[in-house]
Amino acid sequence: MADNDRSIVVLGGRGMLGTDLAKALCRKGLEPTVFDLPELDITDNHQLSEAIAENKTIVNCAAYTDVEKAESQSELAFKVNAEAVGQIGKIAAERSAKVLHISTDFVFDGKLERPYVETDAPNALSVYGKSKLEGEKLLQSCGCQYCIIRVQWTYGDNGNNFVKKLIDIAKQGKPLRVVDDQVGSPTATKQIAAAVCELIRDLPDGLYHYAASGYVSRFDMARFIFDKIGIDAEPSRCRSSDFETAAQRPLNSRFDCSKISSLLRDPVEPWQKYLEKYLEQFRE
Ligand SMILES: NC(=O)c1ccc[n+]([C@@H]2O[C@H](COP(=O)([O-])OP(=O)(O)OC[C@H]3O[C@@H](n4cnc5c(N)ncnc54)[C@H](OP(=O)(O)O)[C@@H]3O)[C@@H](O)[C@H]2O)c1
């Protein structure tokens, strides 16, 4: 990347992933410009155009991420996760900028019995997943240079996530039922940020899957968490169908990350490594 091509804007830069990504880019000396609600609403075309300005790389971490609420707020979910992403792509095409966009495993129905590769056909089950899939398609059709990275089962310091929710419930001494039929790879937003930083100078084109290596069920993940932080909590196993939820979730969230791994210097770290470090702050 030439020096005059280094300018980066991060949209959704104060969300869970955006915060860690912006920090990692700063540490690399890339000093991104960071926007988020309330000063920037990506569904406002004028604000979006001003925020993107003449930046040469647009990193989009902004999204409507409430999977349950999306079922009843479909219009808003599609505005943020689809239409606005298309608009980002249009502006990028006009200004010869590149877009790095973050997407999700929820574009799949999770019925495949092996890890998903990028060429597998998506079939989203939920409004959130459908809106994210539509965002990918709109971005891909704008004629801009794009890199879409799908991530899954993320956790970080700056946001609510499955790990924090589990620990909260367990610390309150409430009974805990955890599904054992959803399988994925718990992935730290810091780990994603490090990978993105490695790629950002020479952003590859196309669609990529990124997750920590190895797979685990939600139930075994809960047991790992309680063991590491020393909480005496005994979760009981259940199936996803035992919970009444508005949104249906994919059971298989496993990603095959060979495509992105071939671009990274080191092998992707196993999920246990970052999670163990993250859990230090919760130790009893
Ligand atoms: N968390 C996961 O497990 C997971 C899994 C797979 C993929 N992802 C993807 O990862 C990306 C980052 O998500 P995250 O986990 O960091 O979620 P997050 O913490 O909810 O971050 C999303 C950010 O976007 C902002 N935002 C929402 N609507 C906006 C709008 N109209 N204009 C501008 N900003 C807006 C949110 O602001 P408010 O907080 O004020 O709403 C928030 O700061 C998303 O693309 C998400 O789909 C997440």
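This is a selection-by-selection tour of the structure.

**Before you start**

The model is predicted: local features need pLDDT of at least 70, side-chain atom pairs count only at pLDDT 80 or more, and totals for chains, interfaces and linings use all residues. Residues are numbered from 1 along each chain as its sequence is written. Helices (H or I, at least four residues) and strands (E, at least two) are DSSP runs, numbered from the N terminus.

**Stop 1: the sheet**

Select the strands E2, E1, E3, E4, E5 and E10. In that order, six strands make an open sheet with parallel pairing. Two strands pair if DSSP finds at least two bridges between them. Now pick out the edges: E2 (33-35) and E10 (206-209) each have a single partner strand, so one side of each is left without a neighbour in the sheet. On average, neighbouring strands of this sheet are turned by 15° against each other, direction ignored.

Zoom in on E5 (residues 145-151) beside E10. Four bridges link E5 and E10 in the parallel sense. Select Cys-147: Gly-206 in E10 stands opposite.

**Stop 2: helices on the sheet**

Add H4 (residues 74-95). H4 lies across E3 (57-60), E4 and E5, and runs at about 165° to E4. Next, add H5 (residues 127-140), which packs on the sheet and touches E4 and E5. The direction of H5 makes about 160° with that of E4. Axes are lines fitted to C-alpha atoms, for helices over the stretch in contact, and angles run from 0 to 180 degrees between N-to-C directions. Residues are in contact here if their C-beta atoms, placed from the backbone, lie within 7 Å.

**Stop 3: the ligand shell**

Select the ligand and its surroundings. 26 residues surround the ligand, and the closest are Gly-12, Gly-15, Met-16, Ala-62 and Thr-104. A residue counts as near if its C-beta atom, placed from the backbone, lies within 6 Å. H1 (16-27) and E4 (98-104) are the elements that give two or more residues to this shell. H1 gives the most, with three residues.

Colour the shell by class. The residues divide into 13 nonpolar, nine polar and four charged. Ala, Val, Leu, Ile, Met, Phe, Trp, Tyr, Cys and Pro count as nonpolar, Asp, Glu, Lys and Arg as charged, and the others, Gly among them, as polar.

**Stop 4: H1 and H7**

Keep H1 and add H7 (residues 189-199): the two axes come within 8 Å and cross at roughly 45°. H1 and H7 are therefore oblique to each other. Under 35 degrees counts as roughly parallel, over 145 as roughly antiparallel, 65 to 115 as roughly perpendicular and the rest as oblique. H1 passes H7 in a right-handed crossing. A crossing is right-handed if the near helix is turned clockwise from the far one by less than a right angle, and left-handed if anticlockwise.

Show the side chains. From H1, Met-16, Leu-17, Asp-20, Leu-21, Ala-24 and Leu-25 meet Thr-189, Lys-190, Ile-192, Ala-193, Ala-194, Val-196 and Cys-197 of H7. This contact has ten nonpolar, one polar and two charged residues.

**Stop 5: H2 and H4**

Select H2 (residues 45-52) with H4: their axes come within 11 Å and cross at roughly 45°. This pair is therefore oblique too. H2 passes H4 in a right-handed crossing. Asn-45, Leu-48, Ser-49 and Ile-52 of H2 make the contact with Ala-84, Gln-87, Ile-88 and Ile-91 of H4. The contact has five nonpolar, three polar and no charged residues.

**Stop 6: H6 and H8**

Move to H6 (residues 162-171) and H8 (residues 218-229), which pack at an angle of about 60° with their axes 11 Å apart. H6 passes H8 in a right-handed crossing. Val-163, Leu-166, Ile-167 and Ala-170 in H6 meet Ala-222, Ile-225, Phe-226 and Ile-229 in H8. Here the contact has eight nonpolar, no polar and no charged residues.

**Stop 7: two backbone details**

Most residues other than glycine have a negative phi, and most peptide bonds are trans. Select Leu-37 and Pro-38: a cis peptide bond joins them, with omega about 5°. Pro-38 lies in the loop between E2 and H2. Finish at Ala-53, in the loop between H2 and E3. Ala-53 is not a glycine, yet has a positive phi of about 45°.

Key:
Contact = placed C-beta atoms within 7 Å.
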